[in-house]
Structure formats: structure tokens, C-alpha cells
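This report describes the fold of one protein chain, moving from the whole chain to its sheets and then to a pair of packed helices. Please consult the sequence and structure shown here while reading.

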Amino acid sequence: MDETELISKKELLEETGISYGQLYRWKRKNLIPEEWFIRKSTFTGQETFFPRKLILPRIEKIVHMKDDFALDELAGQLTPRLSDVSVTKEEVMERNIVSSFVLDRFAEESAEPAFDFDRLLRLFVVDKLMRTGEASLDEGGVALETLRAHLSSYEDGRCDLVLFRKMGVPLVVLAPADAALSAEPGAKLAARLGVAACIEELHLKLMGGKAR
């Protein structure tokens, strides 16, 4: 992971205003995943860093919600059992989780009437890609096929969806999160989305409604 994508523990505590004790209590309560605590060598010795794009929104959510939920309940809210997620197309549209355009175009990939988390996540990522205006309808379809074929290879979705384009021809790949990428000469980077951040965002949307 690029150093600029990390935030040190000291910076995190200063920026969020939380205490050292709160940070590690929330870790023990599974509010913050163990793998987000990254130990690295520095000139002063070993220090702990965090993925900036994940930890700052998570801390903000915890601070915002901790007065309304017990910490054990909050852990379940922040990391719902994905196997329990099941929402209908109507609920997805009503709650604006995925646009009706993407649903109408791509949701017929399965005969199942309800969306489980994995299926919903694929559509959510494609919807975000297309909302940026950086991907065409056909490229959205290629992105969906790429996610369906390869997303399960990445633990906890720690990867980026990357769209290259060369002479109008798209190439969609999944790559380790924040990894440096090299493409053939003439290929241009058109879009890059962090899937783990999409999972966090989708969790938040599901928490706001009646996913079951």
C-alpha cells in the first residue's frame, strides 16, 4: 500500500480526537478490524498505521453511533452478517442503493428474486462506476463480469476495480488495493474504485433500512 494511503496512529488520534484507550477498546470489541492495524518500521522504531480511506469513515461512524448502541450491538451494525442480507429489487430501488438504470440493465443475472450481499455489491460497484460518467454501458457490463469472475479471490474485497481504455477498447481488471499498476503503452487509466470502500458504503446503506 502506498505510504500516502496510510495514516499513523498518532495522526489518527489527533485528527479524530479519540483516545488511545478508545481506539484499542473498539478494536477488542471488533468495531475496527484487526487487519487495519498495520505495524511498520520507522526511524523511531515500530509504529502502527491504518488505511486512511477505511479508518477515518469507520471512526466517524463509531463516534456518531456509539451513544445509540451498546458496543456489542454496534459491532453487528458495522459488520452485519453478510449471509443474512436479502433485499428485493423494489427495496433496492426504494432506498436508492442502486440506480434503476443499472438494475434494469444488469439485475437479470440471476433468477433469484432477492439480492444477497455479493450480488448486490457487484451491482453497487458498477452503479458507482457508471455514476462517475467514466464508464459506458458496455464497460459497465464488462466490469460486472469481471467482478463476478474474480472478486471472490480477494479476502474482504481488498482490491480495486480498474478500467483502462486503449483506442476506445476497454480493459477491466481487479488488482490488490492501492497497488501500483503498469499497462501497455497507449492504454489510459479511465477509472479506479476501491472495492473495500464500496463494501463499507454498502454496509452503511443497508444499516439505514430493513435489510434482513
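Of the 212 residues in the protein chain, 41% count as buried, where buried means under 20% relative accessible area, exposed over 50% and partly exposed in between, with a 1.4 Å probe and protein chains only. The model is predicted; local features need pLDDT of at least 70 and side-chain atom pairs count only at pLDDT 80 or more, while totals for chains, interfaces and linings use all residues. Residues are numbered from 1 along each chain as its sequence is written, and side-chain values use heavy atoms, with hydrogens and water left out.

The mean pLDDT of the protein chain is 84, and 90% of its residues reach 70 or more; pLDDT is the predictor's confidence in each residue, from 0 to 100. Among the elements of the chain, helix 1 (residues 9-16) has the highest mean pLDDT, 94, and helix 4 (residues 71-78) the lowest, 75. Where pLDDT is low, the predicted coordinates should not be read in detail.

The protein chain contains 9 helices and 8 strands. These are DSSP runs numbered from the N terminus, with at least four residues of H or I for a helix and at least two of E for a strand. Of the contacts with a separation of 6 or more, 61% are between residues 24 or more positions apart; contact means heavy atoms within 4.5 Å.

**Two sheets**

One open sheet has 3 strands in the order 1-3-2, with antiparallel pairing. Strand 1 (6-8) and strand 2 (38-42) stand at its edges with a single partner strand each, so one side of each is left without a neighbour in the sheet. The twist averages 45 degrees from one strand to the next. A hairpin joins strand 2 to strand 3 through 2 residues. Helix 3 (residues 52-65) packs on this sheet, touching strand 1 and strand 3, and its direction makes about 70 degrees with that of strand 3. Such angles run from 0 to 180 degrees between N-to-C directions, and axes are lines fitted to C-alpha atoms, for helices over the stretch in contact.

A further open sheet has 3 strands in the order 7-6-8, again with antiparallel pairing. Its edges are strand 7 (169-176) and strand 8 (188-194), each with a single partner strand, so one side of each is left without a neighbour in the sheet. Here the twist averages 20 degrees from one strand to the next.

The table lists strand pairs; two strands pair if DSSP finds at least two bridges between them.

| Strand pair | Bridges |
|---|---|
| Strand 1 and strand 3 (residues 45-51) | 3 bridges, antiparallel |
| Strand 2 and strand 3 | 5 bridges, antiparallel |
| Strand 6 (residues 159-166) and strand 7 | 8 bridges, antiparallel |

**Helix 7 and helix 8**

Helix 7 lies across strand 6 and strand 8, at about 135 degrees to strand 8. Helix 8 lies across strand 6 and strand 7, at about 30 degrees to strand 7. Helix 7 and helix 8 (residues 137-150) pack at an angle of about 150 degrees, with their axes 9 Å apart. That makes helix 7 roughly antiparallel to helix 8, a term for angles over 145 degrees, with those under 35 roughly parallel, 65 to 115 roughly perpendicular and the rest oblique.

Val126 is found in helix 7 (residues 117-131) and counts as buried because its relative accessibility is 0%. Leaving aside neighbours within four places in sequence, Val126 is in contact with Val102, Phe106, Gly140, Ala143, Leu144 and Leu147.
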